[in-house]
Structures are given as structure tokens and as C-alpha cells.
Amino acid sequence: MEGRETAVLRCSNCGLEVEHTMRYAGRLLVSSMCDNCGFTWHHEESDLRTAYVHDLESRIWTKPGRWLRRLRRHPVETALELPAALARQPFKIAREIITVIRG
Ligand SMILES: [Zn+2]
């Protein structure tokens with residue numbers, strides 16, 4: 001999924017410690033924008049697509065194990081959430097790929 005989060009970081013452009021908006025594709029940081037001056041750091045494009053593919057592979061291989069652990073801890077809630085979570089995967093991955101392509 002394309003995720004957006006904020007965090008207080010020191011900007012390398014304006015030097016202030018302010019909120020930055022960070023965009024993620026899955027677990028991969030795609031960009032970070034200073035909310036004060038707008039300076040935006042982008043993950044290097046040549047590495048971004050390769051890093052995303054490796055991260056996606058890792059998530060796909062570990063997904064069944066993570067769901068099994070959730071099923072053991074919270075069987076009823078997990079069983080109810082599983083069908084919707086599976087149905088969202090293609091859309092979630094498509095949004096991540098769009099984010100990676102846009103950079
Ligand atoms: Zn700044």
C-alpha cells in the first residue's frame with residue numbers, strides 16, 4: 001500500500017526540526033518531504049524498483065506464517081478479517097507499484 005506517515009526530523013535543507021511527510025510503498029521509504037520548506041528527498045530511482053521487488057518477495061514468502069500466528073492468537077477475529085484482507089491484496093500491491101513508478 002502507499003502509506004503516508006509523519007515524523008519530526010531535522011531537515012537537511014532548512015536545518016529546522018519539523019514534521020516531515022513520508023511516503024511508503026509497503027515497508028520501503030519512497031520519499032520524505034519537509035513540511036516547512038518543501039524540500040523532498042527521494043529514494044534513488046535506480047535502486048528503488050529493485051529494492052521494492054526484494055521487499056515484496058520477502059513479504060509474500062512470510063505472509064502465510066504471519067497469518068498463522070495471528071490465527072493462533074486471535075482465531076475468531078483473524079478468520080473474519082482474512083477474506084477481506086486477501087481481497088485487498090491485488091489493489092494494495094497495484095497502489096504500491098504506482099507509488100514506486102512515480103518515485
Ligand atoms: Zn526544510
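This is a short dialogue on reading the fold, helices and hairpin of a predicted model.

Biologist: Where do I start? Which secondary-structure elements does the chain have?

Modeller: Start with the inventory. The predicted model has four strands and two helices. Then read the order. Along the sequence it goes β-β-β-β-α-α.

Biologist: How do I judge the overall shape? What radius of gyration does the chain have?

Modeller: Set the value against a reference. A compact globule of 103 residues would come out near 13 Å, but this chain has 17 Å. Then look at the box. Along the principal axes, the C-alpha atoms fill roughly 50 × 30 × 20 Å.

Biologist: What share of the residues is buried?

Modeller: Burial is a neighbour count. A residue is buried if 20 or more other C-beta atoms lie within 10 Å of its own. Here 13% of the 103 residues pass.

Biologist: And contacts? What percentage links residues 24 or more positions apart?

Modeller: Take the contacts with a separation of 6 or more. Of these, 38% join residues 24 or more positions apart.

Biologist: Now helix H1. How does its reach compare with the span expected at 1.5 Å a residue?

Modeller: Compare end-to-end distance with expectation. H1 covers residues 45–73, 29 residues in total. Its first and last C-alpha atoms are 40 Å apart, close to the expected 42 Å.

Biologist: Where is the kink in H1?

Modeller: At Thr62, with an angle of about 40°. The proline Pro64 comes shortly after.

Biologist: Why does H1 lie largely in the open?

Modeller: Because just two of its 29 residues are buried.

Biologist: Does the span test carry over? What should helix H2 span?

Modeller: H2 runs over residues 75–102, so its 28 residues should span 40 Å at 1.5 Å a residue. The end C-alpha atoms are 39 Å apart, which agrees. H2 also bends, by about 40° at Gln89. Pro90, a proline, follows within four residues.

Biologist: Which residues of H2 are buried?

Modeller: Glu96, Thr99 and Val100. Just after H2, check the backbone too: Gly103 has a positive phi of about 75°.

Biologist: Last, the strands. How many bridges join E2 to E3?

Modeller: Look for bridges, then direction. Six bridges join E2 (residues 17–25) to E3 (residues 28–34), and the two run antiparallel. For register, pick a facing pair: Arg23 stands opposite Ser31 in E3.

Biologist: What is the phi of Gly26 in that hairpin?

Modeller: Positive, near 65°. The hairpin has two residues between its strands.

Conventions. Residues are numbered from 1 along each chain as its sequence is written. This is a predicted model: local features need pLDDT of at least 70, side-chain atom pairs count only at pLDDT 80 or more; totals for chains, interfaces and linings use all residues. The radius of gyration is taken over C-alpha atoms; the globule rule is 2.2 Å times the number of residues to the power 0.38. A residue is buried if 20 or more other C-beta atoms lie within 10 Å of its own, exposed if 12 or fewer, and partly exposed in between; C-beta atoms are placed from the backbone. Two residues are in contact if their C-beta atoms, placed from the backbone, lie within 7 Å. The expected span of a helix is 1.5 Å times one less than its number of residues. The bend at a residue is the angle between axes fitted to the seven residues ending there and the seven starting there. Two strands pair if DSSP finds at least two bridges between them.
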